[in-house]
Amino acid sequence: MTVRPPTVIEHIIEDGRSELPRAVSVVIPAYNEAGHVGQQVRDVESTMRATGWTFEIIVVDDGSTDGTAAEAAATGVRVLRRAKNRGYGAALRLGTRAARYDWILITDADGTYPVAEIPGILDASLGAEMVVGARTGPSVQIPFVRRPAKWALGRLASFLSGEDLPDINSGLRLIRKALIERYEGLLPDGFSFTTTITLASACNGHAVAYRSIDYHARLGNSKIRPRHAYDFMVLILRTIVIFNPLKVFFPLGAVVALAGIAKLVVDLRRGDLSDGTVLGLVTALLIWGLGLVADQNTRLRR
C-alpha cells in the first residue's frame, strides 16, 4: 500500500487583506452632543487602554452650537471643529484625513453603541477590510417606528447587492483607511456615509466581517428624520447602479416587459396590435440595453 504524503494547505492572502499593525484612530463625529460627548470619550479611552492597541481619539465637532467642542477638549483628546454643520459623512471624512493610523474605528457620541463591544470589533480585524457592528444582539433599542423602514431597506440592499447584509448603516465599525480613501468620491456628507461604503464593499467583493452587537437607547434627541428613509432608498438604488447595474435594470425591464406581454395577449384576442403594447416591449428592450451598457462600463472601470 502506497503511503501518500500529507496534503499541504496553502492559505492565500488576497490583495488589500494583509494584516495591519494593531494601531487605530477612533473617530467620533459629534453635533450638539455637549451633554454626552465627554463621558463617551472617557468610556472609549478606558476601553481602548484595556485592548493593548495603540490608539488616538479624534472628536469632530460638526458646527455644534452648544459647547460640544469644549466638552470634548476637556477630556484631553484631539478635537477638530468646523464653524458650520456639514453632516455626519463629512465629519467622518475629515476625521479620517486627519487620522495617524491605518485602521479607523468610528462610533457615535450619543451613547447608543456600547463601548464594551469595541474589543470584539478589533478582534475580528484579521483578514478583514471592514468589521461592522451589526445591531442584531439580544438588546437592541431601535425605536419601533423606525424598524419597518430599516428592515425594508436592509432587504432591498441585500437583494440588490447579492450579499446578506445584517446591518447596512451601523455607526460602530472598523474600516481600513485605504478603503475609505478608495471610495471617498462616492461617500456623501450626510448619514448615508456608512450605507454607501457598506454597499460599495459588498458589490466589489471586499472582505467585510459582521459582529453582532447590542444597541442602547439614544441619549438626547435623534438627528434622523422620516425623510431620511426615502434618501436611503434612493442612495441604495444609485449605489447599486454604479457597482451592479443589472440588479436594477434587469428587474425593471422585466416588469415593463411583463406589462407589455399582458397587453399583447389582450390585443391578440381583440385582433389588433395597439401602440401601448409596442411601446411597452420596446421600452423593456431599451432598459435591458441600457443595463448591459452600464454593466460593461462598470466592468471596464474595475
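Two strands count as paired here if DSSP finds at least two bridges between them. Keep that in mind as you explore this predicted model.

**Stop 1: strand S5**

Select residues 130–134, which form strand S5. This strand is mostly covered, with five of its five residues buried. Show the side chains and look at which way they face: Met130, Val132 and Ala134 point one way, while Val131 and Gly133 point the other way.

**Stop 2: the partners of S5**

Now add residues 173–176, strand S6. S5 and S6 run antiparallel and are joined by three bridges. Which residue of S6 stands opposite Val132? Highlight Arg173 to find the answer, since Arg173 in S6 faces Val132.

Next, select strand S7, residues 208–212. Here the pairing with S5 is parallel, over five bridges. For a landmark, pick Gly133, whose bridge partner in S7 is Arg211.

**Stop 3: strand S4**

Keep S6 on display and select residues 103–106, strand S4. How many bridges join S4 to S6? There are four, and the two strands run antiparallel. Leu105 is a good place to zoom in, as it stands opposite Leu174 in S6.

Leu105 has another partner to show you: in the pairing of S1 with S4, it is the bridge partner of Val26. Bring up strand S1, residues 23–30, to see the four bridges that join it to S4 in a parallel arrangement.

Before leaving S4, look at its side chains. Trp103 and Leu105 point one way, Ile104 and Ile106 point the other way, and all of these residues are buried.

**Stop 4: helix H7**

Select residues 193–203 to bring up helix H7. Is this helix enclosed or open? All of it is covered: 11 of its 11 residues are buried, so H7 is largely enclosed by the rest of the structure. Among the buried residues you can click on are Phe193, Ile197, Leu199 and Cys203. Then step just past the end of the helix to Gly205, which takes a positive phi of about 75°.

**Stop 5: Arg42 in helix H1**

Finish with helix H1, residues 37–51, and pick out Arg42 within it. Is Arg42 buried or partly exposed? Its relative accessible area is 43%, so Arg42 is partly exposed. Now select Val77 as well: Arg42 and Val77 are 35 residues apart in sequence, and their C-alpha atoms are 9.4 Å apart in space.

Conventions. Residues are numbered from 1 along each chain as its sequence is written. This is a predicted model: local features need pLDDT of at least 70, side-chain atom pairs count only at pLDDT 80 or more; totals for chains, interfaces and linings use all residues. Side-chain values use heavy atoms; hydrogens and water are left out. Buried means under 20% relative accessible area, exposed over 50%, partly exposed in between (1.4 Å probe, protein chains only).
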